[in-house]
Amino acid sequence: MSNIKSAFSGGKAFIAFITCGDPDLATTAACVREAVKNGADLIELGIPFSDPTAEGPVIQGANIRALSGGVKTKDVFDLVRELRKDITVPMVFMTYANVVFSYGAEKFISTCEETGIDGIILPDVPFEEKEDFLPICKAHGVDLISLIAPTSENRIGMIAKEADGFIYLVSSLGVTGARSEITTDLGDIVAHIRSVTDTPVAIGFGISKPEQAAAMAKISDGAIVGSAIVKIVEQYGKDAPSHVGEYVKSMKDAIRNL
Amino acid sequence: MTNPAGRFGIHGGQYIPETLMNAVIELEEAYNHYKNDPQFNKELSDLFNEYANRPSRLYYAEKMTKDLGGAKIYLKREDLNHTGAHKVNNVLGQALLAKKMGKTRLIAETGAGQHGVATATAAALFGMECVVFMGEEDTIRQALNVYRMRLLGATVIPVKTGTRTLKDAVSEAMREWTTRISDTHYCLGSVMGPHPFPTIVRDFQAVISKEIKEQMLAKEGRLPDAVLACVGGGSNAIGSFYHFIEDKDVKLIGCEAAGRGIDTFETAATVNTGKLGIFHGMKSYFCQDEDGQIAPVYSISAGLDYPGVGPEHAHLHDIGRAQYVPVTDEEAVQAFEYLSKMEGIIPAIESAHAVAYARKLAPTMGKDKIIVVTISGRGDKDCAAIARYRGEDIHE
């Protein structure tokens with residue numbers, strides 16, 4: 001069992017996304033600690049990218065704030081080193097292909113291994129392009145997380161069969177950000193995935209309320225929340241950590257006993 | 001498992017969200033079917049000839065030739081196409097393809113507005129809904145084209161993220177496509193983005209070099225010594241180069257927008273200043289910092305103001321088949337004014353980058369040599385901006 005799977009071993013997982021360096025790295029570290037203290041089972045750390053094409057306005061804004069604060073990729077690795085002094089839950093990076101590619105895929109992924117990053121999510125790297133990164137990930141024991149979307153249809157089996165860590169099931173069409181309702185028939189997709197793999201499935205995109213998290217976690221192995229947390233960070237700035245903690249607690253409580 | 005079909009050397013590929021994968025696969029399958037369908041090709045050829053005014057003229061620029069005193073200069077007049085630029089070639093092809101695929105809505109990005117105008121035109125002609133994403137900065141630089149798109153029935157959405165230029169318009173169009181796929185075709189305007197777009201757009205633009213070759217053989221009985229075109233994403237350039245790629249004696253020269261110079265940060269000369277990266281669905285050269293953050297590029301030309309270049313150009317550069325030269329704002333503006341006065345042809349400021357390099361190159365070549373310069377579009381849209389550059393404020 002890889003470290004990522006441990007996030008799913010105690011029931012439904014709550015996965016919290018935080019953009020690194022918004023508004024600064026010290027606040028990011030404090031937010032991660034509050035999220036973990038309040039029940040987050042896995043942390044997704046966003047490395048900011050200038051042009052995040054899969055993100056809605058909320059996370060785009062966080063990327064811009066972080067980059068204008070001067071955050072560099074090497075600073076994010078320093079943040080991980082600092083967090084790993086006490087944080088034991090799995091942590092993955094969420095960023096874009098060019099951030100990894102320009103750093104040097106080998107150097108980036110080996111540094112993930114060295115600092116204690118368990119996986120990488122690259123939303124602009126589909127199944128067909130994963131050879132740029134997958135062999136290096138495998139060599140360093142870092143899981144390259146696969147995404148499955150409502151439009152994946154005939155691709156679900158192919159992707160799920162080769163998935164490592166967990167499967168990120170995108171709840172609906174479009175970019176990241178809160179949605180009032182999620183209408184995709186996700187139950188069928190999860191069933192299809194489970195027919196070919198026992199890799200856990202977590203659902204993300206559009207989840208902001210406890211009842212949405214509960215509905216999603218009920219039909220899968222966990223819920224991923226990004227924009228709603230980033231919005232709290234945007235609103236409270238350096239004072240965000242306690243508010244993030246409170247929010248994570250409310251979300252984790254909603255899925256705890258499913 | 002990589003997809004060799006979408007590669008030009010090491011460049012190209014399909015670096016896009018999973019949500020869009022079946023859409024691009026569906027597009028590729030439809031394209032592979034229709035490109036060999038005689039009925040599709042007849043319809044497209046009728047649209048080119050009857051609607052878009054093809055073939056475009058290959059005009060001998062005699063005064064310019066004499067003035068420069070070297071190689072004989074021909075201008076490929078894509079500015080005479082309906083809607084005023086080469087963009088219509090690609091758009092008619094993609095719109096017809098989208099219609100065959102049962103799509104009822106076209107979305108597009110635009111920089112200078114020429115691709116947006118062409119898409120709005122095709123949407124009007126085919127009775128399709130049209131939404132165009134345009135950087136807010138460009139809606140100001142190219143206000144006339146915004147009005148033209150609206151007049152044609154399109155909705156223009158000013159993009160207020162990032163540098164508010166072409167790159168951000170592409171990102172926003174991609175985001176929109178992930179939101180609404182089933183009835184919507186993303187009519188990408190250049191030889192960029194994920195496979196199959198670089199191939200599809202090239203094939204529809206290749207009519208330019210097919211005609212140049214026929215016209216040149218008819219007029220001169222031989223091939224030209226050099227073909228020049230401006231390069232942003234690179235669609236008019238690849239269209240101008242394509243049928244000459246195997247003719248090794250024909251020099252292919254892409255003219256990049258150097259903005260205030262390639263030794264400054266205010267440039268958009270990707271091949272000259274960028275490095276290998278992955279962005280907007282493709283592996284290619286991009287202007288970026290050491291952390292892979294895409295650079296806020298600059299050019300006076302909204303159509304060339306893009307931090308990347310199409311993957312086939314990146315490959316032609318790698319193998320030394322094409323040469324990419326930087327042309328500054330000042331050189332382009334001078335060429336804009338030069339061609340207007342010399343030949344009575346007002347070129348788009350994008351195309352003026354190619355004219356500028358022709359002014360340097362022609363005098364270095366013998367009078368028995370021939371160069372072709374593609375005038376990718378007409379310059380009416382640029383008059384207000386060039387007047388501003390020269391310190392004159394005119395109201396249209």
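**Exercise 1. In this predicted model, find how strand S3 (residues 91-94) of chain A pairs with strand S4 (residues 119-121) of chain A, then place both in their sheet.**

Start with the pair itself: S3 and S4 of chain A run in the parallel sense and are joined over 3 bridges. For a landmark, look at A:Val92, which stands opposite A:Gly119 in S4(A).

Next, step back to the whole sheet. This open sheet of chain A has 9 strands with parallel pairing, in the order S5-S4-S3-S2-S1-S9-S8-S7-S6. Strands S5 (143-144) and S6 (146-148) of chain A stand at the edges with a single partner strand each, so one side of each has no neighbour in the sheet.

Finally, add a helix: H12 (residues 240-255) of chain A packs on the sheet and touches S1 (13-19) and S9 (222-225) of chain A. The direction of H12(A) makes about 155° with that of S1(A).

**Exercise 2. Describe how helix H10 (residues 210-219) of chain A meets H12(A).**

Begin with the geometry. The two axes come within 8 Å and cross at roughly 40°. H10(A) and H12(A) are therefore oblique to each other, and the crossing is right-handed.

Now list the residues: H10(A) brings A:Pro210, A:Glu211, A:Ala213, A:Ala214 and A:Ala217, while H12(A) brings A:Ser250, A:Met251, A:Ala254 and A:Ile255. Sorted by class, that contact has 7 nonpolar, 1 polar and 1 charged residues.

**Exercise 3. Work out what chain B brings to its contact with chain A.**

Count first: 30 residues come from chain B and 33 residues from chain A. Among the elements of chain B giving two or more residues are strand S2 (11-15) and helix H8 (166-179). H8(B) gives the most, with 6 residues. By class, the chain B side divides into 10 nonpolar, 15 polar and 5 charged residues.

How values were computed. Residues are numbered from 1 along each chain as its sequence is written. Chains are lettered from A and ligands numbered from 1 in the order in which they are written. This is a predicted model: local features need pLDDT of at least 70, side-chain atom pairs count only at pLDDT 80 or more; totals for chains, interfaces and linings use all residues. Two strands pair if DSSP finds at least two bridges between them. Helices (H or I, at least four residues) and strands (E, at least two) are DSSP runs, numbered from the N terminus. Two residues are in contact if their C-beta atoms, placed from the backbone, lie within 7 Å. Axes are lines fitted to C-alpha atoms, for helices over the stretch in contact, and angles run from 0 to 180 degrees between N-to-C directions. Ala, Val, Leu, Ile, Met, Phe, Trp, Tyr, Cys and Pro count as nonpolar, Asp, Glu, Lys and Arg as charged, and the others, Gly among them, as polar. Angles under 35 degrees count as roughly parallel, over 145 as roughly antiparallel, 65 to 115 as roughly perpendicular and the rest as oblique. A crossing is left-handed if the near helix is turned anticlockwise from the far one by less than a right angle, and right-handed if clockwise.
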